[in-house]
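Colleague: I would like to take a close look at one part of this model and then see how the rest relates to it. Could you take me through it slowly, as you would for someone in a first year of study?

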Amino acid sequence: MNAASIVPIASRGYGRLAHIADHLRSPLLLAVRLYWGWQFFITGQGKLTNLPKVAGFFKDLGIPLPMFNAVLAATTECVGGLLLMVGLCSRITSIPLIITMVVAYLTADSEAVKAIWSDSNGFVTAAPFLFLFISLLVLVFGPGAFSIDHLLARKFGKGKLP
């Protein structure tokens, strides 16, 4: 077997692998949305049930209007988590979640942000990291085929969602 005959075999093999991986995209996105949507919901619900404590924490961090921002962050996480779980307005929903996680990083985990290059482990192990990462993942890749967004896109045509 010479090098010229290996290339088509490798190409076909890679094509099969890519085909299989393409079919795994939507189930993976569904699993990610269900798990992390639930995590967002639970986190937001915890904040909503302890608003005075959360507002006090926000005040200690120097966040202006601590009660308003506690309600805003909690509601964003609760509602955003539910929307992610069902896959409704997923990309739009990911934007306020991203903003919430960036604010969390810059306030509650500012040391991890400052040391992103010198202590990357501290950055990726900070509480907001996976929440931010998942929100970015949904923004970039969308919710997948197992979502209300996908059903609406099929019904109204791509780019013509109500």
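Colleague: Does Val140 count as buried or exposed, and what is its relative accessibility?

Modeller: Please keep in mind that this is a predicted model. Val140 has a relative accessibility of 56%, and because the cut-off for exposed is over 50%, Val140 counts as exposed. Val140 lies in helix α7, which covers residues 128-141, and its C-alpha atom is separated by 7.7 Å from that of Arg91, although the two are 49 residues apart along the chain.

Helix α7 also takes part in the interior. The largest nonpolar core has 17 residues, and Phe40 and Tyr105 are those with the most contacts inside it. The elements that give two or more residues to this core are α1 (3-49), α4 and α7, and α7 gives the most, with five residues. Tyr105, leaving out residues up to four places away in sequence, touches Ser110, Ala112, Val113, Phe123, Ala126, Pro128, Phe129 and Leu132. A second, separate core has seven residues, including Val54, Ala55, Ala70 and Ala73. In soluble globular proteins, nonpolar side chains tend to be buried together.

Those four residues also appear where helix α2 (residues 51-60) meets helix α3 (residues 66-86). The two helices pack at an angle of about 115°, with their axes 8 Å apart, and α2 passes α3 in a right-handed crossing. On the α2 side the contact is made by Leu51, Pro52, Val54, Ala55, Phe58 and Lys59, while α3 contributes Pro66, Met67, Asn69, Ala70, Val71 and Ala73. By type, the residues of this contact divide into 10 nonpolar, one polar and one charged.

Ala73 leads on to Thr100, which is in contact with Ala73, Thr76 and Glu77 when its neighbours within four places in sequence are set aside. Thr100 lies in helix α4 (residues 90-108) and, with a relative accessible area of 16%, is buried.

Finally, two loops deserve a look. Most residues other than glycine have a negative phi. Leu65, in the loop between α2 and α3, is not a glycine and yet has a positive phi of about 45°; with a relative accessible area of 60%, Leu65 is exposed. Cys89, in the loop between α3 and α4, likewise has a positive phi, near 55°, and at 37% relative accessibility Cys89 counts as partly exposed.

Key:
Residues numbered from 1 in each chain as written. Predicted model: local features only at pLDDT ≥ 70, side-chain atom pairs only at ≥ 80, totals over all residues. Heavy atoms only, no water. Axes fitted to C-alpha atoms, helices over the stretch in contact; angles between N-to-C directions. Left-handed = near helix turned anticlockwise from the far one by under 90°. Contact = heavy atoms within 4.5 Å. Nonpolar A, V, L, I, M, F, W, Y, C, P; charged D, E, K, R; others polar. Buried < 20%, exposed > 50% of the residue type's maximum accessible area, 1.4 Å probe, protein only. Core = buried A, V, L, I, M, F, W, Y, C linked by side-chain atoms within 4.5 Å.
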